[in-house]
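Good morning, colleagues. I would ask you to look at the model on the screen while I go through its sheet, its nonpolar cores and a few individual residues.

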Amino acid sequence: MTNAAAAPVAGPGPVADADERTRDRVLAAVLEHGPVSAAELGDILGFTPAAVRRHLDHLSRAGVIEVKRVAKPGAGAGRPARRYVLSSQGQSSLGNDYLDIAALALQQLQKVAGPDAVRAFAEERFADMERRYAPEIEQAGPDIRDRATALSVALSRDNFVASAAAIEAKAPLPAALSSVQLCQGHCPIQQLAARFPVFCDVETEVFSRLVGVDVRRLSTLARGGHVCTTHIPTGRLPAKPATVPDAAPASLDEVINHQQERP
């Protein structure tokens, strides 16, 4: 009896490569539009429901996306819809190695100069964001909804994958409870903010000044949320402009020098 030739082992092949590229597109769409349903992803990408669900199942098994139950506004007490978002693992996979180095540097800065120096560093970082965003948000006019939308556009341009959804309070609720939910699907400094929450605090303060009303941070990616969500009330009077102090706030160098001069 002659030995049969061993069958060749099939490599990844073009089909597997195409599936991988398609899954990358699905993952990118979840990042940009999440929380998003399978049907919505199909419409966005031009896929059949079966094809979308196959790739979603694969990404879910890999741990990079997860299902979030979301109640549709105005849908009453019905069953929450299934929406897909990036998991913590998926968010981490988008991070950069430099964040570990930055975290170590900030830990050393905090050890040498104290927490005020870390806050000064965060304020300097977000001051640049505020300077760049302010002109286009001012162009949006006085309406808080328009300003929040302009802020979301600016944030998306900086890779925060932001969106702004208006939530109108309906009777018997007072109109003063109307708001905009500003969501950020990606945070380029998530790992850093998880170790130093002051980055989230300073960012929230900047948002408040930009839109012109007191805002409240409901959740953050850094603290385990699916998205960073900021509650922006639209039924209140705008906040009064902050009084500019006669002396400029201390720079990071000044804070460090002051800390080092302490006995």
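I begin with strand 4, which is covered on both faces: on one side Ser 179, Gln 181 and Cys 183 are buried, and on the other side Val 180, Leu 182 and Gln 184 are buried as well. Six of the six residues of this strand are buried, so strand 4 is largely enclosed by the rest of the structure. Please bear in mind that this is a predicted model. In a regular strand, side chains alternate between the two faces of the sheet.

What surrounds this strand? Strand 4 belongs to an open sheet of four strands, in the order 3-4-6-5, with antiparallel pairing. Strand 3, residues 162–167, and strand 5, residues 216–219, stand at the edges; each has a single partner strand, so one side of each is left without a neighbour in the sheet. From one strand to the next, the twist averages 25°.

Let me take the pairings in turn. Strands 3 and 4 run antiparallel and are joined by six bridges; Ala 166 has Val 180 in strand 4 as its bridge partner. Strands 4 and 6 are likewise antiparallel, again with six bridges, and here Cys 183 stands opposite Thr 229 in strand 6. Strand 5 is joined to strand 6 by three bridges, also antiparallel. In that pairing, Ser 219 has Thr 229 in strand 6 as its bridge partner. Thr 229 therefore appears in two pairings, opposite Cys 183 and as the partner of Ser 219.

Which helix packs on the sheet? Helix 9 does, touching strand 4, strand 5 and strand 6, and its direction makes about 130° with that of strand 5.

This brings me to the nonpolar cores. The largest one has 40 residues, and those with the most contacts inside it are Met 129, Tyr 133, Leu 151, Leu 155, Phe 199 and Ile 232. Several elements give two or more residues to this core: helices 5, 6, 7, 8 and 9, together with strand 4 and strand 6. Helix 9 provides the largest share, eight residues. Apart from this core lies another, of 16 residues, among them Ala 29, Leu 59, Val 64 and Val 161. As a general remark, nonpolar side chains in soluble globular proteins tend to be buried together.

Leu 155 deserves a separate word. Leaving aside residues up to four places away in sequence, Leu 155 touches Met 129, Tyr 133, Phe 160, Val 161, Ala 162, Leu 182, Gln 184 and Phe 207. Two of these, Leu 182 and Gln 184, are on one side of strand 4.

I turn now to the aromatic rings. How many aromatic pairs does a search of the whole structure find? It finds one. The pair is formed by Phe 121 and Phe 199 in an edge-to-face arrangement, 6.2 Å centre to centre, with 70° between the planes. Phe 121 lies in helix 6, residues 115–139, and Phe 199 in helix 9, residues 198–211, so the pair ties together parts that are 78 residues apart in sequence. Are the two rings' residues buried or exposed? Phe 199 is buried, at a relative accessible area of 1%, whereas Phe 121 counts as partly exposed, at 32%. A further ring, that of Phe 126, has the charged end of Arg 125 over it, 4.9 Å from the ring centre.

Two other residues illustrate approaches between distant parts of the chain. Asp 146 is found in helix 7 and is partly exposed, with a relative accessible area of 41%. Its C-alpha atom is 9.9 Å from that of Val 180, which is 34 residues away along the chain. Pro 174 lies in the loop between strand 3 and strand 4 and is partly exposed, at 45%. From C-alpha to C-alpha, Pro 174 and Gly 235 are 8.9 Å apart in space, while 61 residues separate them in sequence.

I close with the chain as a whole. It has 10 helices and six strands, and 38% of its 263 residues count as buried. Among contacts between residues at least 6 apart in sequence, 60% join residues at least 24 apart. Thank you for your attention.

Key:
Residues numbered from 1 in each chain as written. Predicted model: local features only at pLDDT ≥ 70, side-chain atom pairs only at ≥ 80, totals over all residues. Heavy atoms only, no water. Phe/Tyr/Trp six-rings, centres within 6.5 Å; stacked < 30°, edge-to-face > 60°. Buried < 20%, exposed > 50% of the residue type's maximum accessible area, 1.4 Å probe, protein only. Lys NZ or Arg CZ within 6 Å of the ring centre and 35° of its normal. Core = buried A, V, L, I, M, F, W, Y, C linked by side-chain atoms within 4.5 Å. Contact = heavy atoms within 4.5 Å. Pairing = 2+ DSSP bridges. Axes fitted to C-alpha atoms, helices over the stretch in contact; angles between N-to-C directions.
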